[in-house]
Amino acid sequence: MKWWACFDQEYGSKADHDPAPLANVAASSLFERQQPIRRTGPKVGRNERCPCGSGKKYKKCCGAH
């Protein structure tokens with residue numbers, strides 16, 4: 001008895017499963033190069049005031065997460 005025989009009995013044979021779930025997706029779209037994430041605003045230093053307007057330093061406010 002092969003080790004996968006119990007799997008076939010419980011879940012069906014290998015032929016019952018969809019052999020190519022990504023058949024409708026073009027192969028080139030799977031490997032497209034993604035664009036890097038760019039900062040839109042100016043860089044905020046750790047010891048500068050937080051841009052959210054709380055009055056705290058950035059490192060104690062939004063930069064703490």
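User: In this predicted model, is Arg46 buried or exposed?
Analyst: Let's place Arg46 before judging it: this residue sits in the segment that follows helix H2 (27-30). Its relative accessibility comes out at 57%. The cut-off for that class is over 50%, so Arg46 counts as exposed.

User: Which residues form a positive surface patch with Arg46?
Analyst: A patch takes residues with over 30% relative accessible area, and Arg46 has 57%. Arg46 is one of the patch members, and its partners are Arg49, Lys57, Lys59 and Lys60.

User: How many disulfides does the count come to?
Analyst: Start with Cys50, whose closest cysteine sulfur belongs to Cys52, 3.5 Å away. For Cys62 the closest one is in Cys50, also at 3.5 Å. A disulfide needs the sulfurs within 2.5 Å, so both of those gaps are too far for a bond. By this rule the count is 0.

User: And is Cys62 buried, partly exposed or exposed?
Analyst: Cys50 is buried, with a relative accessible area of 7%. Cys62 has a relative accessibility of 35%. Buried would need under 20% and exposed over 50%, so Cys62 counts as partly exposed.

User: What distance separates the C-alpha atoms of Ala64 and Arg46?
Analyst: Ala64 is found in the segment after H2, and Arg46 lies there too. Ala64 counts as exposed, at 52% relative accessibility. Along the chain the two are 18 residues apart, and their C-alpha atoms are separated by 9.6 Å.

Key: Residues numbered from 1 in each chain as written. Predicted model: local features only at pLDDT ≥ 70, side-chain atom pairs only at ≥ 80, totals over all residues. Heavy atoms only, no water. Patch = residues over 30% accessible without salt bridge, like charges linked within 9 Å, V, L, I, M, F, W, Y side chains within 5 Å. Areas by Shrake-Rupley, 256 points an atom, 1.4 Å probe, with all protein chains shown as cover. Salt bridge = Lys/Arg side-chain N within 4 Å of Asp/Glu carboxyl O. Lys, Arg positive; Asp, Glu negative; His and termini not counted. Charge placed at Lys NZ, Arg CZ, Asp CG, Glu CD. Helix = DSSP H or I, 4+ residues; strand = E, 2+ residues; numbered from the N terminus. Buried < 20%, exposed > 50% of the residue type's maximum accessible area, 1.4 Å probe, protein only.
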